[in-house]
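Me: I have a structure open on my screen and would like to walk through how its pieces fit together. Could you take my questions one by one?

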Amino acid sequence: MKKYLPKDSKIYLMTLEQPHFKMSEEQKNDVKQHLQNEFDIHLLDFPYYPFGTRAMLNWIRIISTLVKTIYAKNIRFIHPFCVTAGAGGFILSKITGKKLIIDSFEPHAETMLESNTWTKNSRAFQILWNLEKMEAKHASAFIPCVNEMQNYAATRYGVDVSKRCLESKPACVDLNLFDFNKRKDPKLLEELGLKDKIVSVYAGKFGSSYLEKEIFDFWKVCHNYWGDKFRVLILTSHKEEEINLYCKVSGLDRNIVTTQFVFHEHIPAYIGLGDFGVTPFKPAASKRYGTPIKTGEYWSMGLPVVITPNISDDSQTIEKYKIGSIMNEFTEKEYLRIAEEINELLIHKEETDLHQKIRGVAEKYRGFQIAHRVYESLYGENGQAWKF
């Protein structure tokens, strides 16, 4: 984004810092200096609080501070990522009259309903749902995660956003960090006992929008199918006791499951140990309009992916290129079909050049060249932002 703004433009980056990611003052100062010196990006950090009275009071302070910043720094555009941040952006835009551009435009309120995190009558749902509709009416431009989001806005918000939508931009992946050539690190394979194993890798959590028992049941069938050659690698912040319980409930041998908490910069090396990844979203209507970063990361490392139906454009892409399997049902018969389908892909991986083919899909559908195109069309010399 900074690359395409006029010379000497500044970006003010507002973040909410969750307690478990809280930086020390020294770390925070280092980050602020780095952003300012390298990119001329100025960090405005605030604490995060879950929805409630404290969060509301926090947002009053945030809005007040940001309004002053907008006027003092002559800020022209408010550019939130996702509709949750867009709610604050909408309020700022209404107060200041500055143009609002919603990036990563996808539903959130209904997603929270589908995961049973909120209820339809809850204050949190009602507030965000109404704010989403107001954002859809008010924003000058949208960058959707998938083009289908235009249809969602029309049918669910009752707003035609088609003339204000730019090219869709999924969650892009740093293809240099996720270096395809660093797959199957021999030292890590040895260290984790995964050498010569068929490894199913998952980076993420269980519960909320993600499957729980179903995915462990699937791994149980995989273990029965491949026997001792099969292993599971879970990159997660879940505690050992939680993983133990999931394994116990599904009857999955805990000894074949390796869990690690890994910081993002090290994720590629661990994902690269896998033979196939899983993106276990619960099938839900709103998931058609978002974009899971983990699928792009698996693809970047050349891994076929097991995914549920109608997840972003990813499920269709996997079917189109035959680079994984779709989990249409949660039955033992379906899990066995998927294991057999993945096995066929892996048996013929050399002759079909499977890993290189999947890497090509990542480069086409998840590379940062997409973000470059979008931001150039928005903020470049003849960009749309200057015509609002």
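Me: Happy to start with a strand pair: which residue does Gly 277 stand opposite in E10?
Reply: Keep in mind that this is a predicted model. Strand E9 covers residues 276-279 and strand E10 covers residues 305-307, and three bridges join the two, which run parallel. Across from Gly 277, in E10, you will find Val 305.

Me: Nice. What is the order of the strands in the open sheet of six?
Reply: The pairing in this sheet is parallel. Its edge strands are E8 (257-260) and E11 (324-326), each of which pairs on one side only. Ignoring direction, neighbouring strands are turned by 20° against each other on average. Read across, the order is E8-E7-E6-E9-E10-E11.

Me: Which strands of that sheet does H13 touch?
Reply: Two helices are worth looking at here. Helix H11 (residues 293-300) packs on the sheet against E6 (198-203), E9 and E10, and its direction makes about 170° with that of E9. H13 also packs on the sheet, with its direction at about 165° to that of E11. The strands touched by H13 are E6, E9, E10 and E11.

Me: H13 has a helix partner too. Is H8 parallel, perpendicular or oblique to H13?
Reply: Helix H8 (residues 213-226) and helix H13 (residues 332-347) pack at an angle of about 55°, with their axes 9 Å apart. The crossing is right-handed. An angle of about 55° makes H8, relative to H13, oblique.

Me: How many charged residues does the contact of H8 with H13 have?
Reply: On the H8 side the residues include Glu 214, Asp 217, Phe 218 and Trp 226, and among those they meet in H13 are Glu 332, Tyr 335, Glu 340 and Asn 343. Sorted by class, the contact has 10 nonpolar residues and one polar. The number of charged residues is four.

Me: Now for a single residue: is Ser 250 buried or exposed?
Reply: Ser 250 is found in helix H9 (residues 240-250). Leaving out residues up to four places away in sequence, it touches Lys 213, Phe 216, Asp 217 and Lys 220. The cut-off for buried is under 20% relative accessible area. At 10% relative accessibility, Ser 250 therefore counts as buried.

Me: Let's move to the sheet of three strands. Why do E3 and E5 each have one side without a neighbour?
Reply: This open sheet has the order E3-E4-E5, with parallel pairing. Strand E3 (77-78) and strand E5 (141-144) each have a single partner strand, so one side of each is left without a neighbour, because both stand at the edges.

Me: And in E5, what is the bridge partner of Phe 105?
Reply: Strand E4 (residues 99-105) runs parallel to E5, and four bridges join them. Phe 105 is paired in E5 with Pro 144.

Me: What angle does the direction of H3 make with that of E4?
Reply: Helix H3 (residues 82-96) packs on this sheet, where it touches E3 and E4. Its direction makes an angle with that of E4 of about 175°.

Me: Last one: how many nonpolar residues does the contact of H2 with H3 have?
Reply: Helix H2 (residues 53-72) packs against H3 at an angle of about 50°, with the axes 10 Å apart, in a right-handed crossing. Among the H2 residues are Trp 59, Ile 63 and Leu 66, which meet H3 residues including Gly 88, Ile 91 and Leu 92. By class, the contact has no charged residues and two polar ones, and its nonpolar residues number nine.

Technical notes: Residues numbered from 1 in each chain as written. Predicted model: local features only at pLDDT ≥ 70, side-chain atom pairs only at ≥ 80, totals over all residues. Heavy atoms only, no water. Pairing = 2+ DSSP bridges. Contact = heavy atoms within 4.5 Å. Axes fitted to C-alpha atoms, helices over the stretch in contact; angles between N-to-C directions. Left-handed = near helix turned anticlockwise from the far one by under 90°. Nonpolar A, V, L, I, M, F, W, Y, C, P; charged D, E, K, R; others polar. Buried < 20%, exposed > 50% of the residue type's maximum accessible area, 1.4 Å probe, protein only. Parallel < 35°, antiparallel > 145°, perpendicular 65-115°, else oblique.
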